[in-house]
Amino acid sequence: MAVKYKLKKDDEVVVITGKDKGKKGKILRVDRKKGKVIVENVHVVKRHMKPNPLNPDGGIIEKEMPIDISNVMFYCKKCDKGVRLGYKILDDGKKQRFCKSCGEVVDKD
Ligand SMILES: [Zn+2]
């Protein structure tokens, strides 16, 4: 059975395990096939770059690497913690996500 991921790009999440535990950031990318996410400022790896036309001096760049989607939870500002999300189906058939802890709707269109 395919896992349904409730998280999407631009969600704020908190890391719940690993060396970045407790860090918060915005999801930059979701890779649903691999079950990975890239989160702003989380799992940042430094890379030495050789000089190239875009960066003639070379040097060190920092880049976020993917982490397992199960290592993060949606960060609810109201609860001030990582929470599980549920889905509500609206009258017009649209799905809206809400925080299962406080009931706050997190998708605002
Ligand atoms: Zn909440």
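## Zinc site and adjoining features

At 31% relative accessibility, cysteine 102 counts as partly exposed, because this value lies between the 20% limit for buried and the 50% limit for exposed residues. The model is predicted. Cysteine 76, by contrast, is buried, since its relative accessible area of 3% falls under 20%.

Both cysteines belong to the zinc site. The zinc ion takes its protein donors from Cys76, Cys79, Cys99 and Cys102, each through SG, at 2.2 to 2.3 Å. Along the sequence these donor residues follow the spacing C-x2-C-x19-C-x2-C. Distant parts of the chain are thereby linked: cysteine 76 sits in strand S7, while cysteine 102 lies in the segment after strand S10 (95-99), 26 residues apart.

| Residue | Relative accessible area | Class |
|---|---|---|
| Cysteine 76 | 3% | buried |
| Cysteine 102 | 31% | partly exposed |

The angles subtended by the four donor atoms around the zinc ion run from 103 to 114 degrees, and the arrangement is therefore tetrahedral. For four tetrahedral donors the ideal angle at a metal is 109.5 degrees.

Cys76 also appears in the description of a pocket. The second largest pocket has a volume of about 210 Å³. It is lined by 13 residues, of which Phe74, Tyr75, Cys76, Lys77 and Val106 are the closest to its centre. Strand S7 (residues 72-76) gives the most to this lining, with three residues. By class, the lining of the second largest pocket comprises eight charged and five nonpolar residues, with no polar ones.

How values were computed
Residues numbered from 1 in each chain as written. Predicted model: local features only at pLDDT ≥ 70, side-chain atom pairs only at ≥ 80, totals over all residues. Heavy atoms only, no water. 1 Å grid on protein atoms, 1.4 Å probe; cavity = no way out; pocket = protein on both sides within 12 Å on 5 of 7 lines; lining within 4 Å. Points joined across faces, edges and corners; volume = space filled by probe spheres on them. Helix = DSSP H or I, 4+ residues; strand = E, 2+ residues; numbered from the N terminus. Nonpolar A, V, L, I, M, F, W, Y, C, P; charged D, E, K, R; others polar. Donors = N, O, S within 2.8 Å, 3.2 Å for Na, K, Ca; no water. Tetrahedral: all angles 85-135°; square planar, octahedral: opposite > 155°, others 65-115°. Buried < 20%, exposed > 50% of the residue type's maximum accessible area, 1.4 Å probe, protein only.
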